[in-house]
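This report describes the fold of one protein chain from its model. It goes from the overall build to the cores, then to a sheet, a helix and some backbone details.

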Amino acid sequence: MVHVLLIEDDATIRATLTRGLRDHGHAVSSAHIAMDGLRAAVSDRPDLIVLDLGLPDLDGADLLRMLRAVSRVPVIVATARDGDSEMIRLLDAGADDYVVKPYSAAQLDARIRAVLRRAGTAGSADTSVTVGGLRVDPRTREATLDGTTLELTPREFELLHYLAARAGEVVTKRELLTEVWQVPYGGADKTVDVHLSWLRRKLGESAQEPRYLQTVRGVGVRLCAPS
């Protein structure tokens, strides 16, 4: 049974989603303000958090950044805005997925299952992968560079592991969207670009001065050891 922490200030929405998610077989706990949600995330160790952005005591994106500082638990954020700028803002704050209001418990359940499936099946093997000074271990979900642990979000780890497991191969953005994001029939290439940019920054490189992540213009990206 998956334990979902629902951080939502609207009592009616909170009750409806709690009932609906429980009907789908999830264990649900809830909080109606940001600070209570943060405490519950640390003490209760949920499997996934559903976070409403419109909280009374703190902006949801700020809470998301605080959550990311103490936990790598997958987070789905709920927002009333669905523009590209909002999507990028949420991804930048560490979201794994988002739903646009209004949404049903059934839709949220599908999102939950997809996020947890991605978190549990990143890459193609259970063994660690080493490429140059980079080591990625899917069993511990830890990545190190020259012996130093990289602080990665769950999605960043999945992306890095997928590329590392195919070191030397050119991987298209479409393949990454399909295999890492589980979006087979469309999706935003910008999502991949944003995450690749974050990975480059954490690997100490840039698109202009790459080391591990090599862009193959018009085709995709290749991870390889620095020459």
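## Overall build

Of the 227 residues of the protein chain, 47% count as buried. The model is predicted. The chain has 8 helices and 12 strands. Its radius of gyration is 18 Å, close to the 17 Å that the globule rule gives for 227 residues, so the chain is as compact as a globular protein of that length. Taken along the principal axes, the C-alpha atoms fill a box of roughly 55 × 35 × 30 Å. Among contacts between residues at least 6 apart in sequence, 56% join residues at least 24 apart.

## Nonpolar cores

In soluble globular proteins, nonpolar side chains tend to be buried together. The largest nonpolar core here has 27 residues, and those touching the most other members are L134, L150, L160, L163, L176, L213 and L223. At least two residues of this core come from each of strand 6 (129-131), strand 7 (134-137), strand 8 (142-145), helix 6 (154-164), helix 7 (173-179), helix 8 (189-202) and strand 12 (220-223). Helix 6 gives the largest share of this core, 6 residues.

L160 shows how these elements meet. Leaving aside residues up to four places away in sequence, L160 touches L134, V136, A143, L150, L152, L199 and L223. A second, separate core has 24 residues, including L5, I49, Y98 and V194.

## The sheet of strands 10, 11 and 12

Which order do the 3 strands of this open sheet take? The order is 10-12-11, and the pairing is antiparallel. Strand 10 (170-171) and strand 11 (213-216) are the edge strands, each pairing on one side only. Strand 10 pairs with strand 12 over 2 bridges in the antiparallel sense, and V171 stands opposite V221 in strand 12. Helix 6 packs on the sheet and touches strand 10, strand 11 and strand 12; the direction of helix 6 makes about 75° with that of strand 12.

Strand 11 and strand 12 pair over 4 bridges, also in the antiparallel sense. V216 stands opposite G220 in strand 12. These two strands form a hairpin with 3 residues between them, and G218 in the turn has a positive phi of about 80°.

## Helix 2 and its two sides

Helix 2 (residues 34-44) has A34, G37, L38, A40 and A41 as its buried residues. They cover an arc of only 165° around the axis, which puts them on the same side of helix 2. What covers these buried residues includes strand 1 (3-7), strand 2 (27-31), strand 3 (48-52) and helix 3 (60-70). The face of helix 2 turned away from the buried side carries the exposed residues R39, V42 and S43.

## Backbone details

Most residues other than glycine have a negative phi, and most peptide bonds are trans. Three residues with a positive phi are listed below.

| Residue | Phi | Place |
|---|---|---|
| R45 | about 50° | just after helix 2 |
| R141 | about 55° | loop between strand 7 and strand 8 |
| D146 | about 55° | loop between strand 8 and strand 9 (148-149) |

Is R141 buried, partly exposed or exposed? At 27% relative accessibility, R141 counts as partly exposed. D146 has a relative accessible area of 57% and is therefore exposed, the cut-off for exposed being over 50%.

T144 belongs to strand 8. With a relative accessible area of 15%, T144 is buried, since buried means under 20%. Not counting residues up to four places away in sequence, T144 touches G133, L134, R135, T149 and L150.

Where a peptide bond is concerned, the one from K101 to P102 is cis, with omega near -5°. P102 lies in the loop between strand 5 (97-100) and helix 5 (105-120).

Notes: Residues numbered from 1 in each chain as written. Predicted model: local features only at pLDDT ≥ 70, side-chain atom pairs only at ≥ 80, totals over all residues. Heavy atoms only, no water. Buried < 20%, exposed > 50% of the residue type's maximum accessible area, 1.4 Å probe, protein only. Arc of directions from axis to C-beta. Contact = heavy atoms within 4.5 Å. Core = buried A, V, L, I, M, F, W, Y, C linked by side-chain atoms within 4.5 Å. Pairing = 2+ DSSP bridges. Axes fitted to C-alpha atoms, helices over the stretch in contact; angles between N-to-C directions. Rg over C-alpha atoms; globule rule 2.2 N^0.38 Å.
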